[in-house]
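Trainee: Please choose one part of this model and take me through it closely. I would also like to see how that part fits into the rest.

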Amino acid sequence: MVKLNFESIRHIVPKSWIVSSLDGHCTLKGIADAIWKFPEGSWFVVDYKLASCTDKQERLSLLYHSQLNAYAYLAEKSQGKSVIGLVLLYFEPEYEDALHNDQLLHRTRERFMFGFRCNAVPVEMQPLYRVEGLCQKICHILSSPVPPQRKANCSSCKALADWFRKRRY
């Protein structure tokens with residue numbers, strides 16, 4: 001495993017990237033929160049989350065991992081850049097401690113200001129074909145005349161069914 005020197009990185013201002021696939025039938029668009037460029041030119045893609053890394057966030061991790069891998073795909077396909085790493089940076093509010101600690105909670109005019117802990121969660125990079133396959137599945141679902149079979153008590157399935165219903169009108 002290559003040891004990365006984060007002391008020599010340069011911040012790149014992210015821009016919106018667009019890549020068309022499936023013969024122009026599907027367009028993937030996105031903008032990363034941060035990109036760190038290493039001296040040899042490779043990129044590290046970062047997504048910020050202003051939340052505590054809780055069980056609920058853990059349930060969303062598959063979505064977040066797909067999101068970061070889509071950014072890596074966009075960087076490689078639209079910019080020709082080699083992405084060597086992905087990370088979720090959780091900025092966790094220290095409000096629980098702040099309620100009992102005058103140093104962490106300051107009242108200034110009409111604002112509350114809290115401290116934050118930073119928690120870095122590495123994300124496994126997937127091969128580019130996985131992102132393309134995911135795009136194919138999404139494009140297929142969204143171009144279908146009817147939604148896929150719903151799972152009971154699935155809020156995402158309900159939202160997709162609602163979208164299909166609205167699309168018909």
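Mentor: A residue is called buried when its relative accessible area is under 20%, exposed when over 50%, and partly exposed in between, using a 1.4 Å probe and protein chains only. Helices (H or I, at least four residues) and strands (E, at least two) are DSSP runs, numbered from the N terminus. The model is predicted, so local features need pLDDT of at least 70 and side-chain atom pairs count only at pLDDT 80 or more, while totals for chains, interfaces and linings use all residues. Residues are numbered from 1 along each chain as its sequence is written, and side-chain values use heavy atoms, with hydrogens and water left out.

The part I choose is strand β6, which spans residues 83–93. Eight of the 11 residues in β6 are buried, which leaves the strand mostly covered. In the protein as a whole, 31% of the 169 residues are buried.

Next come the partners of β6. Two strands count as paired if DSSP finds at least two bridges between them. Strand β5 (residues 43–49) runs parallel to β6, and seven bridges connect the two. One of the residues bridged across is Trp43, whose partner in β6 is Val83. Strand β9 (residues 116–123) runs antiparallel to β6 and is joined to it by eight bridges. Leu89 faces Ala120 of β9 there. In a regular strand, side chains point alternately to one face of the sheet and the other.

These pairings belong to an open sheet of five strands with mixed pairing, in the order β1-β4-β5-β6-β9. Its edges are β1 (10–12) and β9, each of which pairs on one side only. Neighbouring strands in the sheet are turned by 30° against each other on average, direction ignored. Towards the β1 edge, three bridges hold β1 and β4 (residues 34–37) in an antiparallel pair, with Arg10 opposite Lys37 of β4.

A helix lies across this part of the sheet. Helix α2 (residues 61–79) lies across β5, β6 and β9 and runs at about 140° to β6. Axes are lines fitted to C-alpha atoms, for helices over the stretch in contact (heavy atoms within 4.5 Å), and angles run from 0 to 180 degrees between N-to-C directions.

For the wider setting, the protein has five helices and nine strands. Their order along the sequence is β-β-β-β-β-α-α-β-α-β-β-β-α-α. Of the contacts between residues at least 6 apart in sequence, 59% link residues at least 24 apart.

Helix α5 (residues 155–167) offers a second example of burial. Its 13 residues reach 18 Å from first C-alpha to last, close to the 18 Å expected at 1.5 Å a residue, where the expected span is 1.5 Å times one less than the number of residues. Cys157, Ala161, Asp162 and Phe164 are the buried residues named in α5. They lie on the same side of α5 because they cover an arc of only 160° around the axis, taken from the directions from the helix axis to the C-beta atoms. Ser155, Ser156 and Lys166, on the other side of α5, are exposed. The cover over the buried residues of α5 includes α4 (128–143). Cys157 counts as buried because its relative accessible area is 18%.

Last, the cysteines. The structure holds zero disulfides, a disulfide being a pair of cysteine sulfur atoms within 2.5 Å. Cys26 is in none, and the nearest cysteine sulfur, that of Cys139, is 4.5 Å away. Cys26 is buried, because its relative accessibility is 12%.
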